[in-house]
Number of protein chains: 2
Amino acid sequence: MDCYAGCMEQVSTVCPSSDERVALFALLLDTNARLSRSFALRLEENCAMPLAWFEVLLQLRRAPEGRLRMNQIAEAIVHSTGGTTRLIDRLERAGLVARELCPTDRRAIYVAITTPGNVQLDEALRVHMDYLEEHVSSRLTCDERSALAGLLSKLNESR
Amino acid sequence: MDCYAGCMEQVSTVCPSSDERVALFALLLDTNARLSRSFALRLEENCAMPLAWFEVLLQLRRAPEGRLRMNQIAEAIVHSTGGTTRLIDRLERAGLVARELCPTDRRAIYVAITTPGNVQLDEALRVHMDYLEEHVSSRLTCDERSALAGLLSKLNESR
DNA sequence: GACAAATAATTGCATGAGCAACTATAATGC
DNA sequence: GCATTATAGTTGCTCATGCAATTATTTGTC
């Protein structure tokens with residue numbers, strides 16, 4: 001209900017397909033699809049690493065002790081728990097992560113990044129930085145990037 | 001190479017996993033994943049329509065004569081042409097779109113939105129508007145939304 | 001005008017992900 | 001303390017999607 005007048009929004013019953021917010025949502029989907037697809041392709045070519053693996057390894061590196069529980073990973077990368085089980089299976093088979101038992105809760109499993117996992121992540125991050133240089137830094141100034149980060153954070157707030 | 005000093009960016013060889021641009025990229029993936037997942041769920045619940053169908057129908061409505069060629073659809077929704085063929089197969093089977101021959105190029109196929117397709121899209125757009133009201137309008141002001149659109153457009157520029 | 005290269009769409013195949021059902025363990029209520 | 005409920009993770013099944021190969025048609029070249 002904010003600023004309908006100022007933004008000249010369409011009344012939703014007339015032509016919502018050209019509504020400014022519909023366009024914004026579509027633009028978000030589109031931008032994400034193009035960037036993640038092109039980066040995934042490059043990551044696959046240069047590191048033989050699927051994007052989902054990169055996401056997991058990055059989350060693990062960011063985590064306090066380099067490890068997270070299954071459900072935390074699922075939440076962080078926005079996957080189902082079933083999908084996450086299989087994903088971690090593949091990463092573990094490749095030796096990049098290891099499952100560890102949780103001493104205080106026998107239902108829980110810790111997933112920790114291994115040394116080979118860290119090595120591969122470093123390599124992937126080099127490729128990532130090159131990619132970002134080409135596709136992000138060249139298009140947005142530093143101020144614009146931080147503005148974008150702020151706006152996405154607000155949009156991403158759970159409530 | 002812009003404004004390294006002013007933004008206090010990490011040197012990439014030290015700790016790129018906490019680099020501001022790495023975080024921005026991750027934030028974009030995350031925001032997209034959460035929004036598209038929650039909207040897809042609602043669309044499925046309220047309209048029994050997959051998000052991919054909604055995307056196709058929206059593109060078709062936006063198109064000049066309510067129709068696009070297969071490769072244009074694939075490009076617009078960022079799918080492979082193979083995946084698009086199957087996707088349009090399902091939409092056609094549901095009666096929401098129709099394939100039409102192209103008189104000037106016999107290799108090409110036009111995909112047009114049908115009357116039932118338009119009806120279903122209207123319904124989906126009502127759900128979409130409600131969703132946007134809850135998840136977008138309540139978090140970003142009108143000015144913020146247009147700023148976000150501008151930034152995403154710049155990020156999305158092909159070159 | 002014929003042959004080569006490019007383009008449009010479809011198909012076989014493999015795979016990654018979600019959902020729902022299931023097992024195991026922990027927390028809660030009486 | 002025991003029964004109920006909730007939580008963590010895995011598995012069977014299904015399905016949507018990408019890739020590479022294939023067919024049909026058009027465009028470009030000589």
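Colleague: Which polar side-chain atom lies 2.4 Å from a base oxygen of DNA strand D?

Modeller: That atom belongs to A:Arg86, and a polar contact is a pair of N or O atoms within 3.5 Å, where within protein one must be able to donate a hydrogen and the other to accept it, and residues adjacent in sequence count only if both atoms are side-chain atoms. A:Arg107 likewise places a polar side-chain atom 2.8 Å from a base oxygen of DNA strand D, whereas B:Arg106 uses a backbone N or O atom, 3.2 Å from a phosphate oxygen of the strand. This is a predicted model, in which local features need pLDDT of at least 70 and side-chain atom pairs count only at pLDDT 80 or more, while totals for chains, interfaces and linings use all residues. Residues are numbered from 1 along each chain as its sequence is written, chains are lettered from A and ligands numbered from 1 in the order in which they are written, and side-chain values use heavy atoms, with hydrogens and water left out.

Colleague: How many residues lie around DNA strand D, and which come nearest?

Modeller: A residue is near a strand if one of its heavy atoms lies within 4 Å of it; there are 23 around DNA strand D, and A:Arg37, A:Asn71, A:Arg86, A:Arg107 and B:Arg90 come nearest. Of the strand's atoms within 4 Å of the protein, 71% belong to sugar or phosphate and the rest to bases.

Colleague: Which helices each supply at least two residues of that surface?

Modeller: Helices here are DSSP runs (H or I, at least four residues), numbered from the N terminus, and the contributors are H4 (70-77) and H5 (81-93) of chain A together with H5 (81-93) of chain B.
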